[in-house]
Structure formats: structure tokens, C-alpha cells
Amino acid sequence: MVQCPDRIIASMDTGVDDALALAYLLGSADECELGGVIAGYGNVDANTAYANTCAVLDLFGRADIPVFLGSEHPSWADAFIPDAGCAQFHGDDGLGNTRLAGSGALADGAGVPGDDMSVDVPDEVVSVGGYLAGDVHAHPALGACSRVNRSQSVDHPQSAMPTALASGGKRRCSVDAADGIEYLIEQVREFGRDVTVLATGPLTDVDAAITRAPDIASKLRLVMMGGTLTQPGNCWDAVAETNIIQDPEAANRVFHSGADITMVGLDVTHQCLLPQSAADRWRATGTKRGRFLADLADFSIKANLEADPALFSGGMPLHDPLAAAVALDSSLVDCFDLALRAETNTGDFNGVRGRTTGDPVGLVNHSMPHVHVALGVDSGRFLDEFVERMAEVCR
């Protein structure tokens, strides 16, 4: 398994637990260098994820870390609309309604399924949180339809430094950020497996990078949050996991790419629950950072408890923070290696779209790429380290 990396590049759809993972990485400066963050669609639209990422980095005094614009929609669609379910767990601004980045992309009341599914995107395929617009499970967050993220002809700068940082000081968030896919390619080509790509959102960014530059696949080390192998999913069908259902085609291609992949899924994240006492401790620091982190935790603890009192009575699941911790210390998890696939269709002899399962071809073709799937976790050690490190970063 991997050793502690010298450098991390994060691909995030910055919502509540992404922000907690980001703060955790910032508090781990002695162990790693966060080289940059690619912000894309998922929990929120890409522009909101970009603004949220900038705001979190600024709050923690790290405006020097570049932020790049990633994928604005899944590989199978032309446009993306945030989902009401994600708004339920992340707030209408993606950051637990803290308004850290401003008013947020969505109207107040997000999280309630919209009555009007119509969107002014003629002849385009629209994803609503991973489901095709018009699907019975497609519920846009209220106000989201007016902010559909379309394929854009924006001429993104190709340099590795967003223009937002050129003037120094507090960054100005802009959709004219540098191309995150090109940045990911440049980083892997330069550092190889001395850089770890941490993906806490859909795998669209990683897939796009491999598609654009196939030569990076064998050099790519990826730690991803997503999927589930032994547990139910957290989508409507109770089979698929949220990050995978957003873009199963991209996930399946990445799984078969030959990259060194560690999957941190619901099998382990649901064993790592952040208790209310941790949020109370952070709030007690009396700092703006402490209040922000506590507000994020409070929002998520409440949302998860309402969704499943039996599973989340102990607190909020630390999905993305656990993946970030595994990127720093792989010994936190025990992995089972297997050829993995993401189902891309639903129906007889196809399975359920978005499900992660063993690829049966791997049983007869042992040369197929294998993924390290985390099935065991030292939850006590992780939780102790996470709560303590976050308390330190609050100061």
C-alpha cells in the first residue's frame, strides 16, 4: 500500500464533508502539501463548488493554494442540475447554509423537490443529481433549474495558476479559473505517484484527464470516496452510492484504467461517525473557524439523524474526511483487492446503474486492473486524530 504522499491534489464537489476534509488537509501541513483543488459539479453546481472552495481556503488563511474549475456536468450529459437530496444533506449553499461564500447558488428552501421540471436546455441531455431529467427519481433542488450548468465555450486559461491569484491577497472567485483537468494531467506527468489525487466527488475529472492524456493512467495514484461493496447504497435504489451514480460511465472507465486506486466507500465511512461532542469542542474555541466547522457538523448531524436514526444515532458519517485521512495514512484501512466495475445500465443481465461490484471477467483474466477496496477501518484512531487535528486548525 501507499506511503505518506509528499503532495496531494484534490478533486472536490465542495459540500459539507468536502469542506471538513479540506480543513483537515490544511491542518496536516506537516504531513503533506496540498498543491491545488479542482472544484466540480456534484453536491452543488461547479461554480458554487468553486466559490465554496475559495471561501474555505480563505477562511483558513490559505489563499495561496490555487483553485481550478473542473467538470461542470457528467460525461454522459450536457448539463447538470443539483439534486434536492444533496441539498438536504449539504444545505442550499452546499456549506450547511452558513453562507460562507455568499448567498449560495440556490434559492432558499433548496432540498424541497421542485414542482417544475422544465429547463430551457433544448436538445440537451440533463442530469439531475445523476438521474436523467424526467426520471421519477430526478428531483431538482428548489431554484436549481434556473442555474443549469451547460457545456460552455469558455476559453479557460491553460496555465497552472488561476487568474484569481495573480493580484495576491484574498482571491476573487471567477468562472474563468484555469482548467482543472489540464492541471491534473500536468501534476501526474510531473510527479507520477509522488502525488496523490484525492477525489471526494464524482470521478468525471479523473476520467476526463485519463481520456485526454492516456499516458498518465499508469502513473496515477488515486484515493477516492465513493461506492459501496458490502453495504446498501445511499441513493433511491438503496444500491448505488451518490458519487458513483453521478457518472457511472466515468467511474467504470477509471476502475479499468490501470491506475493505483483505493476506494473508500460506505463500507468504512458509515463506521466513522462524528459525535456532537466534537462539534461542541470546536465551537468552544470561540474562533470564526471553530464556529464554521461546528456549524457544518451541526447541520450534517441533524440531517443524517433525521434521514436514518438507527444508522446515524452516533453522529454524521465522515465520508470525505476519511478518504483524506487515508490519502495521508493508508494503514487506517484494510483493503480487499479485486477487479471492480460500476454498472452503467439497469435491467435484466445488467444489474443496477451506479452499483459498484466485482467485474466477473477478472475471475478468468487475472491481468485485469485491481482496485484496493477498503472494507475495514480503525475508526477509533481515525476519529481521535480527526477531532484533535480539527480542534488545532480552529485556533
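# Notebook: salt bridges, rings and helix packing

**Entry 1. Arg-253 and its partner.** I began with Arg-253, whose relative accessibility of 40% makes it partly exposed. The model under study is a predicted one, and I read every value below as computed from it. I then asked which residue forms a salt bridge with Arg-253. The partner is Asp-207, and the closest N and O atoms of the two side chains are 2.9 Å apart. I located Asp-207 in helix α5 and Arg-253 in helix α7 (residues 248-255), so the pair links distant parts of the chain, 46 residues apart. Is Asp-207 buried or exposed? I found a relative accessibility of 5%, and because the limit for burial is under 20%, Asp-207 counts as buried. The salt bridge therefore joins a buried Asp-207 to a partly exposed Arg-253.

**Entry 2. Salt bridges over the whole structure.** I searched the whole structure next and recorded 19 salt bridges. As background to the search, I noted that side chains of opposite charge can pair when their charged atoms come close.

I looked up Arg-189, which meets Asp-215 in a salt bridge with an N to O distance of 2.8 Å. Arg-189 belongs to helix α4 (residues 180-191), whereas Asp-215 sits in the loop between α5 (204-212) and β9 (221-225); the pair thus ties together parts that are 26 residues apart in sequence. I entered both residues as partly exposed: Arg-189 has a relative accessibility of 45%, and Asp-215 has 35%.

I then turned to Arg-283 and Asp-298, whose side chains form a salt bridge at 2.5 Å, N to O. This pair also links distant parts of the chain, with Arg-283 in helix α9 (residues 276-283) and Asp-298 in helix α10, 15 residues apart. Arg-283 is partly exposed at 30% relative accessibility, and Asp-298 is partly exposed at 25%.

Finally, I asked which residues are linked in a network of salt bridges with Arg-381. I listed Asp-329, Asp-378 and Glu-385 as the other members of that network.

**Entry 3. Aromatic pairs.** I counted the ring pairs and obtained 5 for the structure. For Tyr-24 and Phe-386, I read a centre separation of 5.5 Å and an angle of 35° between the planes, which is why I entered the pair as tilted. Tyr-24 lies in helix α1 (residues 16-26) and Phe-386 in helix α12, 362 residues apart, so this pair too links distant parts of the chain. I recorded Tyr-24 and Phe-386 as buried.

Phe-386 has a further ring partner, Phe-382; the two form a tilted pair, 5.7 Å centre to centre with 35° between the planes. Because they are 4 residues apart in helix α12, about one helical turn separates Phe-382 from Phe-386. I noted both of these residues as buried. Which residues do the ring pairs link into a cluster? I found Tyr-24, Trp-282, Phe-382 and Phe-386.

**Entry 4. Helix α10 against helix α12.** I examined how helix α10 (residues 288-307) packs with helix α12 (residues 379-394), and read an angle of about 140° with the axes 7 Å apart. The angle makes α10 oblique to α12, because an arrangement counts as roughly antiparallel over 145 degrees. At the contact, I listed Arg-289, Gly-290 and Leu-293 on the α10 side and Met-390, Val-393 and Cys-394 on the α12 side. Sorted by class, the contact has 4 nonpolar, 1 polar and 1 charged residues.

**Entry 5. Phe-299.** I stayed with helix α10 and looked up Phe-299, which is placed there. Its relative accessible area is 21%, and I therefore entered Phe-299 as partly exposed. I asked which residues are in contact with Phe-299, leaving aside its neighbours within four places in sequence. They are Ala-87, Gln-88, Phe-89, His-90, Gly-91, Gly-96 and Asn-97. For Phe-89, I noted a C-alpha separation of 7.8 Å from Phe-299, although the two are 210 residues apart along the chain.

**Entry 6. The chain as a whole.** To close, I recorded 12 helices and 16 strands for the protein chain. Of its 395 residues, 58% count as buried. Among contacts between residues at least 6 apart in sequence, I found that 79% join residues at least 24 apart.

Methods. Residues numbered from 1 in each chain as written. Predicted model: local features only at pLDDT ≥ 70, side-chain atom pairs only at ≥ 80, totals over all residues. Heavy atoms only, no water. Axes fitted to C-alpha atoms, helices over the stretch in contact; angles between N-to-C directions. Helix = DSSP H or I, 4+ residues; strand = E, 2+ residues; numbered from the N terminus. Parallel < 35°, antiparallel > 145°, perpendicular 65-115°, else oblique. Contact = heavy atoms within 4.5 Å. Nonpolar A, V, L, I, M, F, W, Y, C, P; charged D, E, K, R; others polar. Salt bridge = Lys/Arg side-chain N within 4 Å of Asp/Glu carboxyl O. Buried < 20%, exposed > 50% of the residue type's maximum accessible area, 1.4 Å probe, protein only. Phe/Tyr/Trp six-rings, centres within 6.5 Å; stacked < 30°, edge-to-face > 60°.
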